[in-house]
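Biologist: I would like to learn how to read a protein model, one feature at a time. Could we take it slowly, beginning with the whole chain and ending with single residues?

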Amino acid sequence: MITFEQLEEMRIALKKKYTLFIIIGLIVVAVAALISVILEWPPILIMISGVLTFIIAMFCTSKQAKEYSLAFKNYFVKSSLEKIFTNLRYQPDNGISRTTIASTNMMRMGDRYSSNDLVTGNYKTIGFTQSDVHIEEEHETRDSDGNTRTYYVTIFKGRWMIFDFNKSFKADVQVAQKGFGNNKLGSWFSGEEKFQKVQMESQEFNKAFNVYAQQPLDAFYILTPKIMEKIRNLDERNEGKLLLCFIDNKLHVGIYNHEDSFEHKSVFKPIDEEKTRNEISTDIQKITMFIDELELDNDLFKVK
């Protein structure tokens, strides 16, 4: 097990290497600018020299940066997770598969997908899985000369969590906070499975969320007044937009907040151990709050 002092030594070594490449980059750009002025070369050479230096720097530091990130997560994240969860398995380099999320038929999956910081385990009596997820959609633009440029637009970045759900239901239900943006809204989700928009009894809930179900009765069965109130409480406690998918006796939760969980801060500042552990605890609470608030471990809901 790495010590805090060893972790700090790794950070300082990485900081020195980054600093070296920043200095080299500035020198390269300055020389390129001077040559461009003297020889009247096009200014784009300055940009090219800067980009090439950046690429070389990333290549030369990538292994060391990855080793530091893994050491940080083992020292801070894994140890913190072990205090809260049982049957824990933490895999920083793995994530929830694209297929798992796509199989809900409730999200547009875009053209490029990545996921990491996979956590599986149990909290109280409830099994769960969570990871960071980033989904991008490919776009193209064409200029006046007919040249095509391809770029990617983020359509989801945040957390995806899957919880055991003790309440049995026959069909699928989606609760999408208005403004979430990447859920498949409309009459048709996939194939011949028709989803209907359901108006709940709570007008306040309807103002904040759209509800879709294959069978409207399932929405009323799952989304009791108490559960709707709890979902609104969770919205108030989370930054970003929420998506809840009730499918196959599981609760899928997407938090679209443009953030990565369990990440280290800048290597250019010393590690504040107490502050870092508090930040990790806040990330962990994103998992536990859904189980606690929704009372997913309540035996009254347990499937017999």
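Modeller: What follows goes from the whole chain to a pair of helices and then to some single residues. Please keep in mind throughout that this is a predicted model.

Biologist: How many helices and strands does the secondary structure of the protein chain come to?

Modeller: The protein chain has 7 helices and 11 strands, and its C-alpha atoms fill a box of roughly 75 × 60 × 30 Å when taken along the principal axes. Of its 304 residues, 41% count as buried. Among contacts with a separation of 6 or more, 67% are between residues 24 or more positions apart.

Biologist: How should I read two helices that lie against each other, and at what angle do the axes of α1 and α2 cross?

Modeller: Two packed helices are described by the angle between their axes and by the distance between those axes. Here helix α1, residues 4-39, and helix α2, residues 44-84, have axes that come within 9 Å and cross at roughly 175°. Because angles over 145 degrees count as roughly antiparallel, α1 is roughly antiparallel to α2. Sorted by class, their contact has 23 nonpolar, 7 polar and 3 charged residues.

Biologist: Now a single residue, please: is Gln130 buried or exposed, and which side chain does the side chain of Gln130 make a polar contact with?

Modeller: Gln130 lies in strand β3, which covers residues 126-142. Gln130 counts as buried because its relative accessibility is 0%, and the cut-off for that word is under 20%. Its side chain makes a polar contact of 2.9 Å with the side chain of Arg159. Leaving aside neighbours within four places in sequence, the residues in contact with Gln130 include Asp117, Trp160, Phe262 and Ile287. Pro42, on the other hand, is 88 residues from Gln130 in sequence and 49 Å from it in space, C-alpha to C-alpha.

Biologist: Trp160 is among those contacts of Gln130; what joins the side chains of Trp160 and His252?

Modeller: The side chains of His252 and Trp160 are joined by a polar contact of 3.1 Å. His252 is found in strand β11, residues 250-256, and counts as buried at 6% relative accessibility. Setting aside neighbours within four places in sequence, His252 is also in contact with residues including Thr100, Met161, Leu243 and Cys245.

Biologist: You have just named a cysteine, so to speak; how many disulfides does the structure hold?

Modeller: A disulfide is a covalent bond between the sulfur atoms of two cysteines. This structure holds 0 disulfides. As for the surroundings of two of its cysteines, Cys245 counts as buried at 0% relative accessibility, whereas Cys60 is partly exposed, with a relative accessible area of 38%.

Biologist: Finally, I would like to look at backbone angles: what is phi of Asn105 near, and where is Asn105 placed?

Modeller: Phi of Asn105 is near 55°, which is a positive value in a residue other than glycine. Asn105 sits in the loop between α3, residues 98-102, and β2, residues 112-123, and it counts as partly exposed at 26% relative accessibility.

Biologist: And what sign does phi have in His258?

Modeller: His258 has a positive phi, of about 60°, although it is not a glycine. His258 is found in the loop between β11 and α7, the latter covering residues 273-293. With 52% relative accessibility, His258 counts as exposed, because that word applies over 50%.

Conventions: Residues are numbered from 1 along each chain as its sequence is written. This is a predicted model: local features need pLDDT of at least 70, side-chain atom pairs count only at pLDDT 80 or more; totals for chains, interfaces and linings use all residues. Side-chain values use heavy atoms; hydrogens and water are left out. Helices (H or I, at least four residues) and strands (E, at least two) are DSSP runs, numbered from the N terminus. Buried means under 20% relative accessible area, exposed over 50%, partly exposed in between (1.4 Å probe, protein chains only). Contact means heavy atoms within 4.5 Å. A polar contact is a pair of N or O atoms within 3.5 Å; within protein, one must be able to donate a hydrogen and the other to accept it, and residues adjacent in sequence count only if both atoms are side-chain atoms. Axes are lines fitted to C-alpha atoms, for helices over the stretch in contact, and angles run from 0 to 180 degrees between N-to-C directions. Angles under 35 degrees count as roughly parallel, over 145 as roughly antiparallel, 65 to 115 as roughly perpendicular and the rest as oblique. Ala, Val, Leu, Ile, Met, Phe, Trp, Tyr, Cys and Pro count as nonpolar, Asp, Glu, Lys and Arg as charged, and the others, Gly among them, as polar. A disulfide is a pair of cysteine sulfur atoms within 2.5 Å.
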